[in-house]
Amino acid sequence: MLLGPIDEIKEYLDARYIGPVEAAWRLFGHSMHKEIPTVVRLVLHLLGMHNNLFNTEESMHDIVARAEQESTTLTGFFAYCQANVDARAFTYQEFSQHFVWIKSGKRWKPRVRGFAIGRMYFVSPNAGEIFYLRLLLSVVRGPESYECLRTVNNILHDTFKSACISRRLLKDDEEWVQCLEEAAIMKTGYQLRRLFCVILTQCSPSQPTALWDKFAMHICDDLACKIQVLFSIPNPTAAQIEDYGLYLLDQLLQESGKNLKDFPPMPLPIENWSVIVGNRLILEHQQLISDAQHSDANINVQSLNEEQRAAYTAITTSVFENKGTTFFLNGVLELGRPFCTILLPQNVVALDTS
């Protein structure tokens, strides 16, 4: 039984087993582990999106002001390259081999001794712009800013992805073109939209807009009929069909926690189809043409035989008089002739459906 406060650390040390090999190693004073060479972790972040620790009691103005002035290994790398020409010969990953990051001062200084390697954090291809930022940092030497990374042949690109394409750092989308060409022959529009959603979210195509422009009509080939039925648009235009296809594609992407805005410069739907659709069941009910259905019913009633008419009369009478009668229809074969039996609460009527 233990008396007094429990010291978990002392309990762990007391119960620890040290073998003869480890004991001899420790008696000789050898170090237990060593890391050669030193590995420097290089942070990755977009402009103004670095981590910032703050006290909840601080004012928002002070927090924002300090965050804007705070330096990271990446922004410090940009600043050092801007101020020193000799540092522009290295990429971000090679920089730590020749320079040391001073944590206390948040700055880089030339390395005097030793050797180290830089390790940029892993980024998934599905992460978007930060993945392309990492790709550019691995090949561009001595960038002075984010804008410098996006500049290729004196042209400032809007996105890091566009800069990667201009530098030919990304493969073309020929394999996805072939995939969609084969699928367009045998797949429905809904299945093609599902496939296109998978390509966007899992395969990171370099030019998704070009894929959409090439296969939009195949992906939306079933939407003309849907627009006619759901929205009462007799002759939907190609623009309306494509716009509705973008809306449905965006709905599929949201199932994976994404949307079309995550894949620039993919076009976005213009019409707010969700407002137009509203409650699907109410919309379908409002689109019922009662007069046409009534005339069709009268034509079908005239063709009923005697037994079928008896069943029809019994069922419709129960409906119109709100009797709530339960009916059971049973189809059987009797002497080679198809029969339908309707079971009423008080009698059974055999219907010849031949």
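Let's start with tyrosine 244: at 5% relative accessibility, this residue counts as buried (buried means under 20% relative accessible area, exposed over 50%, and partly exposed in between, using a 1.4 Å probe and protein chains only). Keep in mind that this is a predicted model, where local features need pLDDT of at least 70, side-chain atom pairs count only at pLDDT 80 or more, and totals for chains, interfaces and linings use all residues. Residues are numbered from 1 along each chain as its sequence is written, and side-chain values use heavy atoms, with hydrogens and water left out.

**Tyrosine 244 and its ring partners**

Tyrosine 244 shares helix H13 (residues 238-254) with tyrosine 247, three residues along, which is about one turn of the helix. Helices here are DSSP runs of H or I with at least four residues, strands are runs of E with at least two, and both are numbered from the N terminus. Tyrosine 247 is buried too, with a relative accessible area of 14%.

What is the link between tyrosine 244 and tryptophan 273? Their ring centres are 4.9 Å apart and their planes sit at 50°, so this pair is tilted. It joins distant parts of the chain, since tyrosine 244 is in H13 while tryptophan 273 is in helix H14 (residues 273-277), 29 residues apart. Tryptophan 273 counts as buried, at 3% relative accessibility.

A pair of aromatic rings is described by the distance of the centres and the angle of the planes. Rings of Phe, Tyr and Trp (its six-membered ring) pair if their centres lie within 6.5 Å; planes under 30 degrees apart count as stacked, over 60 as edge-to-face and the rest as tilted. By this rule the count comes to 15 aromatic pairs. Tyrosine 244 and tyrosine 247 make one that is stacked, because their centres are 6.0 Å apart and their planes are at 15°.

Elsewhere, one aromatic cluster is formed by Phe77, Phe78, Tyr80, Phe90, Tyr92, Phe95, Phe99, Trp101, Trp108, Tyr146 and Phe160. Some rings also have a charge over them (NZ of Lys or CZ of Arg within 6 Å of the ring centre and within 35 degrees of the ring normal). Arginine 150 lies over the face of phenylalanine 160, at 5.7 Å from the ring centre, and the charged end of lysine 214 sits over phenylalanine 215, 5.8 Å from the centre of that ring.

**Into the core**

A nonpolar core is a set of buried Ala, Val, Leu, Ile, Met, Phe, Trp, Tyr and Cys residues joined through side-chain atoms within 4.5 Å. The largest one has 31 residues, and Tyr244 is among those with the most contacts inside it, along with Phe196, Leu211, Trp212, Leu249, Leu253 and Met266. Which helices each supply at least two residues of this core? They are H9 (174-186), H10 (189-203), H11 (208-219), H12 (223-231) and H13. The largest share, eight residues, comes from H13.

Contact means heavy atoms within 4.5 Å. Leaving aside neighbours within four places in sequence, tryptophan 212 touches residues including Phe196, Leu249, Met266 and Pro267. There is also a second, separate core of 29 residues, which includes Phe77, Met120, Phe160 and Ala163.

H10 has its own buried residues, including Leu192, Phe196 and Leu200. Among the elements covering them are H9, H11, H12 and H13.

**Odd spots in the backbone**

Three residues take a positive phi, as the table shows.

| Residue | Phi | Where |
|---|---|---|
| serine 204 | about 50° | loop between H10 and H11 |
| asparagine 322 | about 55° | loop between H17 (306-320) and S7 (328-334) |
| lysine 106 | near 55° | hairpin of S2 and S3 |Serine 204 counts as partly exposed, at 23% relative accessibility, whereas asparagine 322 is exposed, with a relative accessible area of 69%. Strands S2 (residues 99-102) and S3 (residues 107-110) run antiparallel and are joined by four bridges (two strands pair if DSSP finds at least two bridges between them). The peptide bond from proline 264 to proline 265 is cis, with omega near 0°, and proline 265 lies in the loop between H13 and H14.

Terms used
Two strands pair if DSSP finds at least two bridges between them.
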